[in-house]
Amino acid sequence: MKNRRYSLLLFAEAIITLILTKGMNVKVESIFDILSFPLEKTADFLGYLSLKSSTGNIIAIIFFTLFCLIPVFVLLFKVKRKTFVKTDILLVLLSAVLFAVIYLLINPSEMGFLGYVNGASTVTFSFWSLLASYFILKLVDTIKKSSAVRSERIFDLIVKIIGAVFVFDLCSMEFTKTEVLIVSLLAFVNSALPSLFGLLIVFSCLRVLSCFAVDRYSDNTIRSAEKLSSLCIVSLKTTAVVTALYSVIQLRFISELSDINFSINIPLVQICFILLVLIMTGFLKDSKELKEDNDSFI
């Protein structure tokens, strides 16, 4: 079975997420707080050293400087290896942000009231978001310079990561109880449907990529792409219908509900992913038709 190992990994992810969020009542926000843990502990250690003695303070300053300069050291290493590209300039900014983040974690009072509430997770997220942006730009650079085969592998990896995100989103969702059971069910379906369809599209995408790797212009590739395109269209239509139905049902039971939500559910990430897939499948069909025209002309 194709992608069997990937399916098993997603299943394991789903079980772990369900255990954490449902069995142990760990909030999703708490899971993301794990990202702040290494930087917080580093700041705690440096703060402990600086308060211990004057010698400890000097050592703390040295460690603090060396730790925050790690991105710059990576930049210098790239320059030495002659692998430096323009995107790597972000490493300097990353180092500057790291200086600010660690300093604020050591001195939370500098953040004002925020430092006594959730300052740690807020400032560390600024570092991780910048690091993620750097890796995304590096990925774009890699794709631009890659051969067709390597680009397909990178796209395969990206699709699989997106699938893992959809699984996490599905398994971490909360079932909100209301006074009317059908409203509760529709609310859950309305939230879960985009990610569920997204996961189905991921597996359909992987099938297209498998066929594409064998022969990008084969009938199997085009049929798989057409099925993928149909699934994307069904996904968008179904999501829109369920959202509309959810609003109508709420209106029907408005006198019995204490909490009403008429906001439109627009899953931008899922929609962007689906539209990208639609463009890709259209490009595949156009490429095959162009190739057939050229072959017939020759």
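Leaving aside its neighbours within four places in sequence, which residues is Pro71 in contact with? Keep that question in mind as we walk through this predicted model; we will come back to it shortly.

**Start with the whole chain**

Show the protein chain as a cartoon. You should find 11 helices and zero strands. Reading from the N terminus, the elements run α-α-α-α-α-α-α-α-α-α-α.

Next, switch on the surface. The accessible surface comes to about 18,700 Å², and carbon and sulfur atoms account for 69% of that surface. Of the 298 residues in the chain, 34% are buried. If you display contacts between residues at least 6 apart in sequence, 72% of them join residues at least 24 apart.

**Select Pro71**

Now pick Pro71, which you will find in helix α5. Is Pro71 buried or exposed? Its relative accessibility is 8%, and because buried means under 20%, Pro71 counts as buried.

Here is what the opening question was after: with neighbours within four places in sequence set aside, Pro71 touches Leu91, Leu94, Ser95 and Leu98. Try a distance label as well, from the C-alpha of Pro71 to the C-alpha of Leu131. The two are 10.0 Å apart in space, with their positions 60 residues apart in sequence.

**Select α5 and α6 together**

Colour these two helices and look at how they pack. Their axes come within 8 Å and cross at roughly 160°. Angles over 145 degrees count as roughly antiparallel, and α5 and α6 are therefore roughly antiparallel to each other. The crossing of α5 past α6 is left-handed.

To see the side chains involved, show Pro71, Val72, Val74, Leu75 and Lys78 on the α5 side. Facing them from α6 are Leu91, Val92, Leu94, Ser95 and Leu98. Colour this contact by residue type and you get eight nonpolar residues, one polar and one charged.

**Finish at Thr87**

Where does Thr87 sit? Follow the chain out of α5 (70-81) and stop before α6 (90-106): Thr87 lies in the loop between them. Thr87 counts as buried, because its relative accessibility is 15%.

Finally, display what surrounds this loop residue. Not counting residues up to four places away in sequence, Thr87 touches Tyr134, Leu137, Lys138 and Asp141. Leave those four on screen with Thr87 and the tour is complete.

Conventions:
Residues are numbered from 1 along each chain as its sequence is written. This is a predicted model: local features need pLDDT of at least 70, side-chain atom pairs count only at pLDDT 80 or more; totals for chains, interfaces and linings use all residues. Side-chain values use heavy atoms; hydrogens and water are left out. Helices (H or I, at least four residues) and strands (E, at least two) are DSSP runs, numbered from the N terminus. Buried means under 20% relative accessible area, exposed over 50%, partly exposed in between (1.4 Å probe, protein chains only). Contact means heavy atoms within 4.5 Å. Axes are lines fitted to C-alpha atoms, for helices over the stretch in contact, and angles run from 0 to 180 degrees between N-to-C directions. Angles under 35 degrees count as roughly parallel, over 145 as roughly antiparallel, 65 to 115 as roughly perpendicular and the rest as oblique. A crossing is left-handed if the near helix is turned anticlockwise from the far one by less than a right angle, and right-handed if clockwise. Ala, Val, Leu, Ile, Met, Phe, Trp, Tyr, Cys and Pro count as nonpolar, Asp, Glu, Lys and Arg as charged, and the others, Gly among them, as polar. Accessible areas come from the Shrake-Rupley method with a 1.4 Å probe; for residues, only the protein chains shown count as cover.
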